[in-house]
Every structure is written in structure tokens, then in C-alpha cells.
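This report describes how the chains of the structure shown below are packed, paired and joined. It proceeds from charged side-chain pairs to the interface, the sheets and the nonpolar cores.

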Amino acid sequence: MIHSLFLINHAGDIFLEKHWKSVISRSVCDYFFEAKEKAVEPENVPPVLQTPHHYLISIYRDKLFFLSVVQTEVPPLFVIEFLHRVADTIQDYFGECSESLINDNVVTVYELLEEMLDNGFPLATESNVLKEMIRPPTILRSVVNTLTGSSNVGDKLPSGQLSSIPWRRAGVKYTNNEAYFDVIEEIDAIVDKSGTTVFAEIQGVIEASVRLTGMPDLSMTFMNPSLLDDVSFHPCVRFKRWESERALSFIPPDGNFTLMNYHVSSQNLVTIPVYVKQNICFFETGPCGRLDITIGPKQTMGKTVEALMVTIHMPKAVLSANLTATQGNYSYDLATKVLVWDIGKLNPQKLPNLRGSLSLQSGAPKPEDNPSLNIDLKIQQVAISGLKVSRLEMNGEKYKPFKGVKYLTKAGNFQVRT
Amino acid sequence: MTDSKYFTTTKKGEIFELKAELNSDKKEKKKEAVKKVIASMTVGKDVSALFPDVVNCMQTDNLELKKLVYLYLMNYAKSQPDMAIMAVNTFVKDCEDLNPLIRALAVRTMGCIRVDKITEYLCEPLRKCLKDEDPYVRKTAAVCVAKLHDINAQLVEDQGFLDTLKDLISDSNPMVVANAVAALSEIAESHPNSNLLDLNPQTINKLLTALNECTEWGQIFILDCLANYSPRDDRESQSICERVTPRLSHANSAVVLSAVKVLMKFMEMLPKDLDYYGTLLKKLAPPLVTLLSAEPELQYVALRNINLIVQRRPEILKHEMKVFFVKYNDPIYVKLEKLDIMIRLASQANIAQVLAELKEYATEVDVDFVRKAVRAIGRCAIKVEQSAERCVSTLLDLIQTKVNYVVQEAIVVIKDIFRKYPNKYESVIATLCEHLESLDEPEARAAMIWIVGEYAERIDNADELLESFLEGFHDESTQVQLQLLTAIVKLFLKKPTETQELVQQVLSLATQDSDNPDLRDRGYIYWRLLSTDPVAAKEVVLAEKPLISEETDLIEPTLLEELICHIGTLASVYHKPPSAFVEGSRGVQHKRLTSSAGSGESVESPDTGSAAVSEAPPAVIPSQGDLLGDLLNLDLTPPTSTGPPPAAAPGMQLGAMDLLGGGLDSLMGDESEPLGGDIGGSPAMGAGFGAPPAAMPASFNAPISGGLDDLFDLGGGGMTMGTYIPPKTVWLPAMKAKGLEISGTFVRRSGVIQMEMTLNNKAMSVMSDFAIQFNRNSFGLAPAGPLQILTPISPNQSIEAALPLSTVGPVMKMEPLNNLQVAVKNNIDVFYFSCQYPISMLFLEDGKMERQVFLATWKDIPNENESQFQIKDCHLNSDAASNKLQGSNIFTIAKRTVEGQDMLYQSMKLTNGIWVLAELRVQAGNPNYTISLKCRAPEVSQCVFQNYETVLKN
């Protein structure tokens, strides 16, 4: 099982270590640093590394490496999932997951880690349960604590932990009872230079924010559940009901949680909201090239495309860009060779265009690789797959809650090849 | 107010100040001080000096303070064992606390203190906690047993904690069940044969019930445990699958993959025509696809496992090609894995799409990725014949880009395409030759040289091209040197007139000026071949090569089966059997898939590698065709009905091996050129040609004795009177067996037949897990025990092994009669070879017939059973011959001299009770003997005669 955890920052300094069994010297991380050196980009460090006596399994998140050491055969996915859970918990407790915040709350983090694993076995990883045992720091509480001398460690056994619904604590009370759901879809697509869709799929997620008194039992049904190719649920969802009726039936955790992830792919046609006309070329003679990009709406289901942004990783030889944008601003970062064109709202009457010349390092050969365009966009109030919630009901409690469902479509990994 | 304040120090010295604060009367100050200590600890500062002061804070009602002190204790108790004892009392008291949280905390912390003295005190509280009324305490105690086992395994066994732990599997609370399973699994890992997790239908039912109710992590433990179970029949299999399937929709990817493992394994048991089987196959695809939209680290592990799944059951993901398309911002480790799977899934139906993608990737920035993409194009050409032409033209396009590494990769793969489709795409050679100068990587140079040599007759200036490489011969890597040597010999055989000088030059460079034994050996082989028998040389060097297989890097089937049983583990990420890399002392059980096609043996026997040899199921094997299938059975893998049986490849290997092994042996063995000394000096050569009579160290696993011993035996060999032991010959050349070379011989010593082998590891990786099995044969020879190779063989090491044989195995007549087909398995693969044993191995010590009986029998055997042979060039007198033969259990019963001719009457008895009678006529002065053999089973005569000949001449 998980033996030790090291937190390592971008620069390669270990700033926190925790051991659940015997202490392992931090020199074990040298193997990791070696691999990090070799990978150049931090994103490219292989997640599973073998050393003579240990295995190092790491994730890279928020510019931090979470590196765990294991000594025996363990499922690596279990370790990776757990590490992400650690990062999620830290984010949940302190608002973001960064070195300075972890250092500011080092003792709390340490206490959390101790609660999350015992001898390498996960103990309590549900945010609700953890929060009952170790209360997240708030300014108010720290003031109260200093005045009264009370502690921020719960001294009662978290109620939910052993019930059959470990995700919900007992005795929840609200004056305003609300249940809000966000259906968020991300389009992952690759479009080739002629505009043909090579590959497209939709990753959907239903995020919930539920503040309901008591033990409410919710059920949610969809207009068109057959759209979904694959689903994965929060443990609270009763799988049998989904199998038989395609309805989500659950006693929700308290607060924010991910109710469901789903996947819509090739079986159903995926709509691509915008088209891109582009031409990026480098001349054989002379150190320069041309760039011309136009974006227009394709299938937007009658809604406006917002927050449109194009990112291009230029070849190394490109020194600068001299471009004119009919809408929005562009910037070219010389160090990272990234061209960003921030467009904003897409106006179907007047299509945004970016054109001009690129200058190359003199003497450098004509770049071999053609840069890909990465598109970011948002469409409010629509789930591009067409998924719609038809009903949301509550049983088990007498009051009438506020209910709401919002839809949002975003570009996930949306690439246009040139 | 943040914790960063704990890091600030003053000039007085941090430790000193903390000490004062820790001993303060104010609770709040104490707590703050402990927090500072913990903060220093987390960043790796040594605060062990504060041990007594911190432990003093332990007696408190404040839970937070208590927890902090516990944190400190866990870290430093080991370094201060005597001080740690101070804490015991508080622990024991806390274990009796009314609050279950404190009871659990105490037992949990105590288990983390790795000090022997404390563990002694832990036993009683732990025993109570394991039976605590509160499930939270029980579940914590279950994990504590695993901790204690890690510190002192004996103690845990003596105290009977393992039984208590087993009882917890039947606990009413699912969380307790999950933790008990996890703890038992961890303990079982260091006790491979303890049978701790005794899985039976009742426990399985309990686990399946708990599976639905426990936490996500518990589900992983339970699923991994379930995967070890072997269902009794397909109905049980199906019902488990049905109850596990819902886990595929879990949000935790580790749960999903563990569920996939259980399903992949239990599916084997289901009849393929079952509707449910098809349904299950369909259900597996979507969750696997979804794993690919997770974080890149998760994707990587998922992809490594999908790689295995695709090899085992390609049908699951055959329509999902597109999800493996590479995005430019995928991390490189994900890109490379995706590419691998794309090639595995490539088929005629989707090849156009795949090629378009690959071409796109070949223009990316990342060099490793581009190289692999180019290579992938070549693999597509080999895999999907219809696409070969398009692949070749794509490769030519890429060569035109003149990007150096792209050109080199392309040439390497074009070589493979030539191997697969000979005489089809040679028109491109001209283009390739244009880029000769730009090649600077050994692999590309070697590939190009191979192409030039192979098609020398079509390239006008082949000699010039090869000559240009020859200039810097000694600076080339071995790979290129070897290839160049072969290419020039090929060229010479094709155009002997113009290239004589060239070939002499390369042969002398390889043999005289090189100190690389491989190169030298190959040089000598060619040299001798060319000088003794150019026709044979032509046959050997220009022999038609077997076509290369479609899938070049498929995982060997038995390994794949084992890996499928380990989906989701580190083994599956590294594609190595768990035994290959899990820390030494821990034993590992080999897992195998059990399939419904098996002959009713549904109970999986966990074999530990060496025990892989068992009696083949008794069944009549009618023809040679099934033989291979039978050999394949040897590693206890019942044949599965899906997937092509990998019989074709070994078949080819057998044939090819005979040609090479036998042919070269006879070519080389007869000569006694002045090269002898050289041969002796290079052990590889000596073993390879079987020239020196093999040394026979009887001890198992003795390290190879080396050249000196061999020389010794050369002198001493003649002196030993007794059983004639044929010299070891190479049975399995290294090139046919992924680097494993086996040479051996047979001996009979005081009634025991032994097969003595030298196993030589010429590969780069360690070999282990050897097992051996024979095919049924004429005299029922079978291993009397497992092959005793206890230590893994590291590269370039060789090991002697003696395998005692029995003659009670299944019988089938072979051609020739003394032929023996053998399968040897190791961690890499299963290899097949055949060898012939001297029939004298089977002559019994009590083979001396009474005179009278002999006479009567001789008359009794009909005359048509008599056969006569001539033994030529034998210069022994009759007494010496008689003595020599007696050593091999051929007994002289009577001797008669008629007209200067000695007549020896001899008898021998085979292990299966067949008597052979012989009359040997020796005439003084005449080196030719005549022998008449009479036997009720005349088939053996030929073998017996051969045996006479070898015994008498050695």
C-alpha cells in the first residue's frame, strides 16, 4: 500500500513529506528528479517509475508534484486516484492547491493526511467526513479558537462514516433548502486542415450543489437518456434504478459534489459549434510566413458563442508575429512561443479574422511541423449533446426545496490541425 | 493566522525555545508548541531531541493535542525506543476509553510505532479491539493486524490474530469486511502458500454483498481479492460477473479497472455461445473508453492495461479506434501508448484513417513520438497487406522531407517490409541509396546494409556501396559489423567473380582484427563454409528466410494470460510477470486463466513455476499435427477456443532449427582445422559446436566450469571406462529461443537416466521460472521430477542442470525411434526442440541373459526379424570391444572363435522389457565388424546398431 508521500514544487524542492509506515529517506526522490530532468516539461514526467527498491507513482497538478512511494504490488490507479483525492481535499479546504497555502496550513494538511490513510489503507477520503473530523480553517474559527481555546479537531466519531450512506452526515439543517445542478459538457475534437472532423466526443458532468435538511431522497430523470454512451456515478446513485428505469435516484451528500460523469461519442453525432478557416504557411525563401484565421458559427443551437479564444503553439523558429485582428486582442509570448487570440463573443454578422505575417529566425530552416490551433469557447444554457433533465423530485422530507438546472457547453480539448 | 508562523525562529535557538514552551503550564501554549514541532517535522527537520517533552503532553483530554503528540510519536519512536515505552500506559488506557474514536486512535497509533517492546504491549488491547462492539474500532484493528505482521510476523501467528482476522470477513459491517480483506491480502503477499484467503462460495457471497456497500477503496480490495477465486462452473462464473458489472459505472477509475480484471478473468469460463457472454463483451468497451478522458496519469495506466486487453480480446475495442487518436498536448507517455494501441487495432476496415493520422504525427515536433509514428507506418504495412503499397509511398514521402531521423526510421521499417513482401517493392531501393550518407544510427545503417546485401544482384554498384562502409569497419557498432559481414558474403555468393577481394578483406577484418567473439565466430563460420563447401554455403547464407510475423511485439501468450489476471497492478503497467520485479523474498503466485474449454479441471491449481510439469492428460494423439498443440499444453494452460493457436510459429522454428543446428554441426564437427585452439578459448564456440566432451559436474546449478575444465576432460575422457556419454550438443540454439541456449546429453548412472543440460543465457535479461516437459515418446521417457533450476540465470551466465528421467510416461512411437520432443518454459516464452537419446540409456543393468535362454530365444525369433549391419573402421580387438560395450549394459554371454574370426554373443534388455540379441563378428586385422541383431520388435535394431557404432568408436 502507499508508503510515503512527498510534495514537490515546480522547482524540484520537497516541501512536505509524510510516511505511513517506516520512514523512507527523501533521497528516493532523486530517481524522480532524474526522470523530471529527462522529461524537460513537467507534464511529461512518466507517472510510474521503477527504482531498485521502490516504485514512485506521481501526479502533476497545479504546478505541484504529488509523489507517492510504494514498496509492494499495489494497483497504480488506486494510488493515482488517491493522490488526486489529496489534491482535491487540499483545494476544498484552502480554496486552492498551492505551495504557499499548504505551507500556511501545514499542520492541518498533516492531520488531514493522517486521517486519509492508515498504514497505507485509505481511511476517510470523503470531504464531508473529513470536515467533521478536522474543520477547515476560517478566519472566524481561528479567532474563536484563540479566544476560547477550543480546537479545530472534532472529538466525536463522524456519524456518516459507518452508516450505509457514508457520504452524508446526519442532522443537516438549512433554513433555505436548495438543490442546484449544473450540466456541463466539454467537446473534445480533432478537426483536420480541410475542416473534416477526425474525432469528436463529449465529456459531460453533472455538478450538484445540494443544501437540503434531513435525509432527502432525490430522483432525476432525463428527456433522452439513450444519448449517453457511458456513465459513472457518485457512490450515492442507486445503480439498479438506473439500469431498469434510466433514472438517477439518490440520497445526496451535503454540499457540492459530482453526481455523474458521462460520455457521448461516435455512436451519436457530435455537433461542432464553430468552423475555422485557417492558413498558416512559411515561405521557402526568406525568414517569414503568413497567418490567416477566420472563425464562424456552425451549429450553435441558436445560442451565442462566448469566451472564444484561439491558442497556437508556434514552431520554435518563429520570432515574432505582426498581425491585425478584426476583433479582440492577440499576444505572442516569445519565450513559450504561444500565440493567444482572445476574441470574446462571436458575432455571426461580422466574422472575426486574424491575419498578418510571422517572422522567423534568420538562417533557421523552414519549420517542419505545422502548429495546431486550440479553440476555447463557451455556450451558455445549452448542453450540446441535447441532454435535458425532465424532472427532479424529492421524497422523504416534507418541505419544498428550490430546484434548478443550468446548462453549459465548453470546449475541452478542441484542436484544429493545419 | 496561518501555520507559517511555526517556521519562524529566534536567535536563541529553536529547540531550546520549544522545550520551554512544551513545558509551559498553559494548555494553549503547549498545543502551539507541539504544532511548531510537527511543522518542523513535516519539512524534514530533526526535532527528535524534544521527545521526552512532547511525550509529556500526551496525557490530555484535548483530542487535537493528543493527535498531534501521536503524530510525533509515530515519527520518532523508532529512534528513541526506551523513551517510547513511557507512552505505553497512556495507550493501554486509551484503548479502554469510552469514546470509540479514542479507542481506535490508540490502537491505530500503537500499531504505527515500530518498536518491539511496544508491540508486546499491543497484543492484549488489539485482541479486545478486534472484538470491539463498535465497527469503527474493529475496522481500525483489522488494519493494525497487518501493521503488526509487518513488524513481527511470528507474533501475529502465535497470538492467533490471523484467525480472528479471517473471522472478520463474515462481519456484519461491510467496511470491516473490506479492511479485513485488505489486511489479509497484504499479509498473504509475504506468505504465498499460507492459503490465508481461503475463498469458497460462502466467503465469495459475503464479499459480493459487502462489495455493494463499502467505500470505493474497499471495493478495490474486494475486487482484487475476488479475482483470485476460481469459480466451480460457468454458472457461478456468470453470477459473479453479473454482480460485479455495476462496478464498471463507478466514478473511481481504480474500481473500474479492478472490475474489468474480474470480468476478463471470469469470462474465460463462460461458453462463447452464451448470450450473456456477448452482452458482457459489449459492456466492457464504454468504461474503458471513459478512462481515457480522465487525468493523463490515469490515462497512462489505463492505456497500458488496454494494451493487454486488446491483445487478448481485440473484439472489445475494435470499433473505438478514434478515441486513441493523439492530441498534440497529450503528455508524451500517453502519446506513445496510444500509438501502440492504434497499431494493434489497425485492420483493413480502418487502415485509411490510421494512416492519415500516422502521417500527421510524423510531422510533429517530439522526436521520440515522430520516430514511433514512422515505425508504426511500417507495422501497418506488415499487418494489413492491402495497405502495404500506400504505406510504402507514405514512407517515401517522408524520406523526401530529408529530416534525418525520419529518414533513418523509415529505412529501418522498409527493411521489415521487404522481409514481409519479398520482391515487391524493390523499385524504391534507388531512392533509399540516395540517402546512404545521411545515415548515422547503427540500426539504420545495419538495415541499409542488409537491403544492399539481400538485393545485391539488382544493385549495380552494390560492391562499391558495401566497400564504402568497410573503410571504417572498426568504428562501427557490432550490429553494423555483423550485418556488413553477412551482406558481403551474400554479395560474394551472388557475384563471386568481382568480389573475391572484398570478401577476403571483410573476413580477415572480422576474424583477425576483431576482438568481438560474436563477430569472430560468425567470420569463421563463413570462412569455413566458403572454403569447404560453397554449395552448402549458398544454401545456408542465401536460404529462403521465413516471412516475418504480422505482430512483431505481441506478448507471449502464457505471459499475457498471467498479466490479464493482474490487470490494474504494477505488473500490468510494466508488462512483466509479477515475479520478475516484486522485491525478492516475497513469493508470488502465478495466476492463469482457466477456460471453459479445459477438460473439466475447473479448479485452478496455483502452480509456482517449477511445478509446471505434470502428466499430460491421457488421450490418444493420432498425428504429428496435434503434437504441437499437445506440447503447448505443457504449461498447464488448457487450450482456449478463441484466438488463433500459436502453433504455427513453433512449428517453423523446429524445422528451421534442425536445418541450422544439425547442418552446421556436421559441417564443423568433422573438421579438425588448426582453429581448434581458438574454439577452445571461446567458451561460446566450444559449447556451440560440441567439440570437447562435456564436463559432467553432477552437482546442480554448478557454475560453468569454463574452458580449462573442458581441456582437462579432453585428456581424461579416454581413461574413463564405463558408460559412454555422448558429448553435449546444442539442442536449442540461442537465436531460436530468445537468447536461451540449451545444450545437453543423456547419461545412465547406476540405473538412473539423467538428462544433463547446460542452460546458457545469451539474452540481455534475467531468465527464471524454468520448467520442462516432454512430448510422449517411444519409450515413455518423462521427467521424474521438476527441473531444478532454483536461481534465475543472469545474462551471459550458464547453469548446469541434471534432470532425472523415468520411463513410465505416456508412449507414442516416434520417428526416428529415439527422438524426443521437448518443451522448455521460462519467464520469457515456451520453446520447443527435439533431440535424440542414445538407446543405450534404456539398457537395463540386468540385461545379461542365461546362455540357454539366449540360444532358445535366438532360435525362437523368426529370421525376418534379423538385421545385419556393418561397422567400419573400428580398430578394437574383440575383448576391448566387449569391455567397452559392457559399460553401456551390452553384455557378452559367450565368445567363439571360428577361423580367426571372433564371434561375440550379446544381449541387452530395454526398459520396456524388450530383449535384443546380437552377434558381433570381429576378424583380426579387418577394421570392419559385422553385427546381426535379432529382436521381437525389429524396429529398434537400427537404433541399437547406431548405438554400437557410437560406443565402439568413442
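## Salt bridges

Over all chains, the count of salt bridges comes to 57. The model is a predicted one. Four of the pairs are set out in the following table.

| Pair | Closest N to O distance |
|---|---|
| Arg241(A) and Glu245(A) | 3.0 Å |
| Glu114(A) and Arg108(B) | 3.3 Å |
| Asp340(B) and Arg379(B) | 3.7 Å |
| Asp292(A) and Arg355(A) | 3.9 Å |

The pair Arg241(A) and Glu245(A) belongs to helix 7 of chain A, residues 239-245; because the two residues are four apart in that helix, about one helical turn separates them. Arg241(A) has a relative accessible area of 29% and is therefore partly exposed. Glu245(A) is also partly exposed, at 46%.

The salt bridge between Asp292(A) and Arg355(A) has another setting. Asp292(A) lies in strand 15 (residues 288-297) of chain A and Arg355(A) in strand 20 of chain A, so this pair ties together parts that are 63 residues apart in sequence. Asp292(A) is partly exposed, with a relative accessible area of 22%, and Arg355(A) is partly exposed at 41%.

In chain B, Asp340(B) forms a salt bridge with Arg379(B). The former residue is part of helix 19 (residues 332-345) of chain B and the latter is part of helix 21 (residues 367-383) of chain B, so the pair ties together parts that are 39 residues apart in sequence. Both Asp340(B) and Arg379(B) are buried.

## The interface of chains A and B

Chain A contributes 95 residues to the contact, and chain B contributes 96 residues. The area buried between chain A and chain B is about 8400 Å², of which 58% is on carbon and sulfur atoms.

Eight salt bridges cross this interface. Helix 2 (residues 76-94) of chain A supplies eight residues, the largest share of the side of chain A that touches chain B. The interface also holds 23 residue pairs in polar contact, with both residues at pLDDT 80 or more.

The side chains of Glu114(A) and Arg108(B) meet in a salt bridge. These two residues belong to a network of salt bridges that links Lys18(A), Glu114(A), Glu115(A), Asp118(A), Lys67(B), Arg108(B) and Lys147(B).

## Chain B and its strands

Chain B has 40 helices and 13 strands. Of its 954 residues, 57% count as buried. Among contacts in chain B with a separation of 6 or more, residues 24 or more positions apart account for 67%.

Chain B includes an open sheet of five strands, in the order 1-2-3-6-5, with antiparallel pairing. Strand 1 (729-732) and strand 5 (782-783) of chain B are the edge strands, each pairing on one side only. Strand 5 of chain B pairs with strand 6 (residues 798-806) of chain B in the antiparallel sense, over two bridges. Within this pairing, Ala782(B) has Ser806(B) in strand 6 of chain B as its bridge partner.

Strand 9 (residues 866-871) of chain B has alternating side chains: Ser867(B), Phe869(B) and Ile871(B) point to one face and are buried, whereas Glu866(B), Gln868(B) and Gln870(B) point to the other and are not. Strand 9 of chain B pairs with strand 13 (residues 929-935) of chain B in the antiparallel sense, over six bridges. Ser867(B) stands opposite Leu933(B) in strand 13 of chain B.

## Surroundings of Ser359(A)

Strand 20 (residues 353-360) of chain A contains Ser359(A). Its relative accessibility is 26%, so Ser359(A) counts as partly exposed. Beyond residues up to four places away in sequence, Ser359(A) touches Pro287(A), Cys288(A), Ala317(A), Val318(A), Leu319(A) and Ser320(A). Of these, Ala317(A) is 42 residues from Ser359(A) along the chain, and their C-alpha atoms are separated by 8.6 Å. The side chains of Ser359(A) and Ser320(A) make a polar contact at 2.7 Å.

## Nonpolar cores

In soluble globular proteins, nonpolar side chains tend to be buried together. The largest nonpolar core here has 280 residues, and those touching the most other members are Phe66(A), Tyr72(B), Leu126(B), Val244(B), Leu317(B) and Phe324(B). Apart from this core lies another, of 72 residues, including Ala200(A), Leu228(A), Cys236(A) and Leu339(A).

Leaving aside neighbours within four places in sequence, Phe66(A) is in contact with residues including Leu5(A), Phe6(A), Leu7(A), Ile57(A), Ile59(A), Leu83(A), Val86(A) and Ile90(A). Ser58(A) and Arg61(A) are also among the contacts of Phe66(A).

Note on methods. Residues are numbered from 1 along each chain as its sequence is written. Chains are lettered from A and ligands numbered from 1 in the order in which they are written. This is a predicted model: local features need pLDDT of at least 70, side-chain atom pairs count only at pLDDT 80 or more; totals for chains, interfaces and linings use all residues. Side-chain values use heavy atoms; hydrogens and water are left out. A nonpolar core is a set of buried Ala, Val, Leu, Ile, Met, Phe, Trp, Tyr and Cys residues joined through side-chain atoms within 4.5 Å. Buried means under 20% relative accessible area, exposed over 50%, partly exposed in between (1.4 Å probe, protein chains only). Contact means heavy atoms within 4.5 Å. Two strands pair if DSSP finds at least two bridges between them. Buried area is the accessible area (1.4 Å probe) that two parts lose on being put together, summed over both. A salt bridge is a side-chain nitrogen of Lys or Arg within 4 Å of a carboxyl oxygen of Asp or Glu. A polar contact is a pair of N or O atoms within 3.5 Å; within protein, one must be able to donate a hydrogen and the other to accept it, and residues adjacent in sequence count only if both atoms are side-chain atoms.
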